Amino acid sequence: MNHIKKAAVLGAGVMGAQIAAHLANAGIRSYLLDIVPKEMDDAEKKKGLTTKDREVRNRYASAGLKRALEIKPAPFFTAERASYITVGNLEDDLNKISDADWIIEVVVESLAPKRELMKRVDALRKPGNIVSSNTSGIPISQISEGLSDDFRRHFLGTHFFNPPRYLYLLELIPTAETLPDVVSFMRGFAEEMLGKGTVLCKDTPNFIGNRIGVAAMMYVIHKMVERDYTIEEVDTITGPASGRPRSATFRTGDIVGLDTLIHVADNLYEAAPEDEMRDYFKVPEFIIEMQKKNWLGEKTRSGFYKRVKNEKGESEILTLDYRTMEHRQRSKAAFPSIDMGKNIDDVAERVRALAYAKDRAGEFFWDTTAAVLIYSANRIPEIAEDIMSIDNAMKWGFGWELGPFETWDAIGLEKSVEKMKSGGRQIPQKILDMIEAGAKTFYKEENGSQLYYDFTTKNYREVPVPKKLVNLKAEAKKSKVVKANAGASLIDLGDSVACVEFHSKMNAIGEDILQVVDFGLKKLEADYDALIIANQGRLFSAGANLMLILMLAQEGDFDELDRAVRTFQAIDMRIKYAPKPVVAAPFNMTLGGGCEMTLHAPRVRASAETYIGLVEVGVGVIPAGGGTKEMLIRSLSRAPRVPDIDLMPYVREVLETIGTAKVATSADEAKKFGYLRATDGVSMNEKFLIHDAKATALAMVQEGYRSPEKQKIVALGQPVLSALTLGLYLWKEGKQITDYEFHIGKKLAYVLTGGDFTSQQEVDEEYILDLEREAFLSLCGERKTQERIQYMLKNNKALRN
């Protein structure tokens, strides 16, 4: 097996349909099959259908696909991707799996139906094709027991985490009989084509992620009851304050669903009789009572939290009081250590401070964290061979910023072990041996390489790095930084390629970043063959530095603001017309100025998960770094080259895209909106983006890159401006936009049509740039715009800092 072009997903429930959707995102066509309904529903009867009709027999699969097109966040990059999926049923269409390179079982979480289905699959599949189960905890070897040798050699577990598109983790669970080549191929395929981070798990109850995650969650819940904490208090402690997701413990429970949590915990209780934390896997009585009341979380609109309408008709979230089993108004949890931690950006420092805090938050965090650290150490080599597999599973599948062993390093191994001992906890012998041998951390850096402590060899080993993973921090530590300031660095990536790396707060584009981009462009002409613009932060760029814009506007220093905008425009134009290749590598949030810089790059290599848009209207201005100009050029370039073509629809399209601050929710959608070109490359795995961008740049060099010719832009003038203004007026009268948005829209339309021309004219790019800048500056001088910027900064701490 060296490719997967077609798949079959057996089971069209929540997970099955979303797995098929993500395969479609990767360009892989699939059959989505489910059981045949036992009887018709009322709608089918009204249509006069029979149980022999395909519409009836495919109902469950069709419903699964329909649901996948409706749920949020969207499983598909774009709705058009659904055409990659063919629905069917397990009676009429199971024979189609013979041409599927990968068959994925995602039926009900019970051993008997899985084994029965796999017997049928074994009889129909093509020898050598891969079969896997998405079970979250049933032993993989039991599912394949008694089947053909070829089946067992090509069978493994592939446990996706929900939602499959967005959660990075994919657990691979081979059996003792799975061929090593199959495991190796699936690992490479999942990382490259599906954009996943893979961990190899042993075939043990709940594998890695759910074994550690459920143990941690159940321990927290039991300790909450035992120590009389409220749900709000626990979620305050176990959220971002401790390096965990905002959903913390109980919001996560509502998202996952109490029925799922109970099932996984019960399964773990039954399947792991020797587990030292087994008693904590017992579901507390109040959660059993919640299940009886059908308070299952988001799916039933009531769980640990409940959204209701108050007397004023406003939405309000209530919290469960597990003592009275009633939902009540939320109470704010306040802890000195949590308040102090809000000022600590570095997660390791924040966790360390909380672990040794003396208040109720510190005590609870210490108790629950110490238990999870010891539990994780005891699971090696039971569930995984190394600490990295456990750390990565918890980061990629549960959204922890630090895995258990990274957390242990953060709080200090020796210091924490002494505290654990003083509290009467039993320390794993492997940890005591490690300390005795002089190993003070689980991870360390040595000679430019990251090492991890291996319990088997009792020594440090090099952390394996995928070939396509380029770590900018590691490159910087190898003395490859050419220039740096607080906002950005220029890094030599080798092969005559340099990289401008952003590292300002939220990667907001200000003078510091522009200085390094300017320097990088100069070095490109003199010393390098290509330049990429990228970073490996949480997002590509949140846009321009709003605090600086507000400060200059409020001080009335419009000369300085004008200079700043001119500088940004000039840099973007130099990116566009650089004599050598420049490649932008956007990912995640790429907004405002970040989008504008991306628009000017001659080539883009984007992450599939790129959320890109020109959102300046939201703060009362228009894009002025050349974004308005570039979107106009792109839209006009799509018009057919025929005489007397009406160009107004193409200009109106840009007005609507910028005026409504459209943000693409994937690279696919960004191509539809015009933020990316159809020819721009897309990387499914964000961690490979720097490698792929560099490869794109080198390919451009190899092809003999030439910078584009300067462009002329058709300015349609006053007739089209009047038509666009009328459209805006009708929007305003229809209450679709506010009076001030109408005002902003008129200025945007003025720029897009070239201003005061009475007839169609050709203008150069600089002319439109001047109009952009003038509109931007005039809007910055208005009170309502300054109030909008103040509101944005007030409600976004990251931007404010």
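## Talking through a predicted model

Reader: Let's start with serine 30. Which strand does it lie in?
Author: This is a predicted model, so everything here is computed from it. Serine 30 belongs to the strand that spans residues 29-34, and that strand is β2.

Reader: Is serine 30 buried or exposed?
Author: Around the side chain you'll find Ala7, Ala20, Leu23, Tyr84, Ile85 and Thr86, leaving aside residues up to four places away in sequence. The relative accessible area of serine 30 is 2%. Buried means under 20%, so serine 30 counts as buried.

Reader: What separation do the C-alpha atoms of serine 30 and alanine 608 have?
Author: Along the chain, serine 30 and alanine 608 are 578 residues apart. In space, their C-alpha atoms are separated by 20 Å.

Reader: Which residues have the most contacts inside the largest nonpolar core, and which helix gives the most to it?
Author: That core has 115 residues, and those with the most contacts inside it are Leu10 and Trp408. Its top contributor covers residues 360-378 and supplies 11 residues, and that is helix α16.

Reader: How many residues are in the second, separate core?
Author: Ile549, Ala553, Ala584 and Val651 are among its members. The full count for this second core is 103 residues.

Reader: What does leucine 10 touch?
Author: Sequence neighbours up to four places away are left out here. Among the partners of leucine 10 are Leu33, Glu105 and Met118. Others include Leu90, Leu94, Ile97, Val107 and Val121.

Reader: Are α31 and α32 roughly parallel or roughly antiparallel?
Author: Helix α31 (residues 739-752) packs against helix α32 (residues 765-780) with axes 9 Å apart, at an angle of about 160°. Angles over 145 degrees count as roughly antiparallel, so α31 and α32 are roughly antiparallel.

Reader: How do the residues of the contact of α31 with α32 divide by class?
Author: On the α31 side, the contact is made by Tyr740, His743, Ile744, Lys747, Tyr750 and Val751. Helix α32 brings Ile768, Leu771, Glu772, Ala775, Ser778 and Leu779. The split comes to eight nonpolar, two polar and two charged.

Reader: Now α27 and α30. What word describes how they sit to each other?
Author: The axes of α27 (residues 648-659) and α30 (residues 718-733) come within 11 Å and cross at roughly 45°. Angles under 35 degrees count as roughly parallel and 65 to 115 as roughly perpendicular. The pair fits neither, so α27 and α30 are oblique.

Reader: Is the crossing of α27 and α30 left-handed or right-handed?
Author: Met648, Val651, Arg652, Leu655 and Glu656 of α27 meet Val720, Ala723, Leu724, Leu728 and Trp731 of α30. By class, this contact has eight nonpolar, no polar and two charged residues. As for handedness, the crossing is right-handed.

Reader: On to the backbone. Which peptide bond is cis with omega near -5°, and which with omega near 0°?
Author: Most peptide bonds are trans. In the loop between α4 and β3 you'll find proline 73, and the bond with omega near -5° runs from lysine 72 to proline 73. Proline 163 is in the loop between β6 and β7, and the bond with omega near 0° runs from asparagine 162 to proline 163.

Reader: What is the phi of arginine 301, and what is that of asparagine 588?
Author: Arginine 301 lies in the loop between α13 and β9 and is exposed, at 72% relative accessible area. Asparagine 588 is in strand β20 and is partly exposed, at 24%. Neither is a glycine, yet phi is positive: about 65° for arginine 301 and near 50° for asparagine 588.

How values were computed:
Residues are numbered from 1 along each chain as its sequence is written. This is a predicted model: local features need pLDDT of at least 70, side-chain atom pairs count only at pLDDT 80 or more; totals for chains, interfaces and linings use all residues. Side-chain values use heavy atoms; hydrogens and water are left out. A nonpolar core is a set of buried Ala, Val, Leu, Ile, Met, Phe, Trp, Tyr and Cys residues joined through side-chain atoms within 4.5 Å. Buried means under 20% relative accessible area, exposed over 50%, partly exposed in between (1.4 Å probe, protein chains only). Helices (H or I, at least four residues) and strands (E, at least two) are DSSP runs, numbered from the N terminus. Contact means heavy atoms within 4.5 Å. Axes are lines fitted to C-alpha atoms, for helices over the stretch in contact, and angles run from 0 to 180 degrees between N-to-C directions. Ala, Val, Leu, Ile, Met, Phe, Trp, Tyr, Cys and Pro count as nonpolar, Asp, Glu, Lys and Arg as charged, and the others, Gly among them, as polar. A crossing is left-handed if the near helix is turned anticlockwise from the far one by less than a right angle, and right-handed if clockwise.
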